[in-house]
Amino acid sequence: MTNITIDTNFDSGNIQVLAVDGATATLAINKDHMSEFAQWFHFRVTGAAGRELVLKITGLNDSAYPAGWPGYNACVSEDREYWARAASEFDQIADNGTLTIRYTPVSDIAWFAYFAPYSMERHHDLIAEAAASEGVGYQRLGHSLDGQPIDYLTFGEGETTVWLTARQHPGETQAEWWMEGMLELMTDLSDSVARRLRERCTFHVVPNCNPDGSRRGHLRTNAVGVNLNREWETPTAEKSPEVLCIRDRMDITGVDFAMDVHGDEAIPAVFLAGYEGIPDLKPDHIGGFNRYEAILDRRTPDFQTELGYTKSAPGKANLTMCTTQLAHRYGAVAMTLEMPYKDHKAAAEPEQEWSPERCKQLGKDCMAALLEWLEG
């Protein structure tokens with residue numbers, strides 16, 4: 001029996017091949033460069049048409065979020081367009097924590113990833129299409145440490161300043177799929193929600209805050225191992241120029257409403273995190289967040305409020321994070337939107353589980369909820 005071949009030498013590729021025996025492979029996840037974070041994987045398997053693949057990713061007790069593996073099924077695609085799930089099982093005892101993925105490909109090429117990848121090439125297509133749309137402005141806001149552009153889109157003519165950011169954590173590809181859905185809606189001039197929002201708001205959008213980590217196949221950090229979502233209080237040109245250029249622009253525009261889009265490894269749900277612990281928080285300020293959360297909860301079954309993060313105690317917020325810093329610095333109604341890697345517990349879908357398609361639809365649902373929030 002011939003051995004399968006495993007490749008990672010492509011945009012966001014990440015896996016270490018420890019051993020291959022026929023259609024069985026023992027693997028491990030490489031850490032982010034200059035960092036201890038390890039969770040994202042993305043690799044290609046060739047030469048296994050009609051044979052059951054048995055792919056064992058080992059050492060996961062030392063991964064960034066070990067609680068993310070129980071109940072998780074790996075993403076798989078044979079055409080890189082439609083991503084389904086491959087049956088996976090986590091054994092905490094075997095080889096310091098092992099996820100065993102089983103899948104029988106029809107063709108001789110199958111791609112596996114922690115979540116459906118969002119490549120830098122697709123990112124550039126997204127930016128080009130949006131920038132070519134009527135009424136959309138583009139600017140290269142700054143550059144990353146690897147010299148990649150921080151792409152920035154603006155549209156709308158209203159008084160409410162809305163900032164939407166995504167992929168501070170590059171392995172949370174859900175966030176840019178969300179951006180794609182949001183931009184599809186907001187650049188459609190025939191859509192009544194988009195038209196009204198562009199009348200009421202001026203939008204500032206950064207679809208990918210961390211292009212270096214995205215291309216390098218990182219889970220959570222940039223080119224020098226920095227977690228950008230801990231840089232918002234004192235960003236620097238040496239460690240976090242991505243955040244620095246975005247926050248400098250925010251200082252010019254101000255921020256009324258902000259959503260920072262992410263994915264969560266362990267919690268099987270879509271939820272929001274707010275800014276309850278910022279200093280001198282007023283009831284009407286946090287009331288804006290609570291009202292938006294309630295509207296989104298009512299509008300879409302893919303959102304819920306039972307599962308989520310523990311709220312910070314008064315005055316104990318971590319102001320190095322995007323959401324809390326924007327709420328504190330600008331008085332914004334700010335929030336972190338989290339989507340799952342696993343299936344959505346409250347609205348399960350066995351074949352794809354949480355998927356790019358659902359991310360995109362949620363982006364549109366969040367915009368409809370924003371319009372209701374503005375006009376409610």
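**Exercise 1.** Which residues line the largest cavity, and how do they divide by class?

*Solution.* Start with the list: S12, W40, R167, P170, G171, T173, G213, S214, G217 and H218 line the largest cavity. A cavity is a set of points on a 1 Å grid over the protein atoms alone where a 1.4 Å probe fits but cannot get out; lining residues have an atom within 4 Å of a point. Next, sort by class: two nonpolar, seven polar and one charged. Here Asp, Glu, Lys and Arg count as charged, Ala, Val, Leu, Ile, Met, Phe, Trp, Tyr, Cys and Pro as nonpolar, and the others, Gly among them, as polar. Last, the volume: about 30 Å³, the space filled by probe spheres set on the points.

The model is predicted: local features need pLDDT of at least 70, side-chain atom pairs count only at pLDDT 80 or more, and totals for chains, interfaces and linings use all residues. Residues are numbered from 1 along each chain as its sequence is written, and side-chain values use heavy atoms, with hydrogens and water left out.

**Exercise 2.** Is N210 buried or exposed? Locate its polar partner.

*Solution.* N210 sits in the loop between β13 (201-206) and α4 (211-216); helices (H or I, at least four residues) and strands (E, at least two) are DSSP runs, numbered from the N terminus. N210 is buried because its relative accessibility is 0%; buried means under 20% relative accessible area (1.4 Å probe, protein chains only). A polar atom of the N210 side chain lies 3.0 Å from the backbone oxygen of Q168.

Key. 1 Å grid on protein atoms, 1.4 Å probe; cavity = no way out; pocket = protein on both sides within 12 Å on 5 of 7 lines; lining within 4 Å. Buried < 20%, exposed > 50% of the residue type's maximum accessible area, 1.4 Å probe, protein only. Polar contact = N/O pair within 3.5 Å; in protein donor to acceptor, adjacent residues only side chain to side chain.
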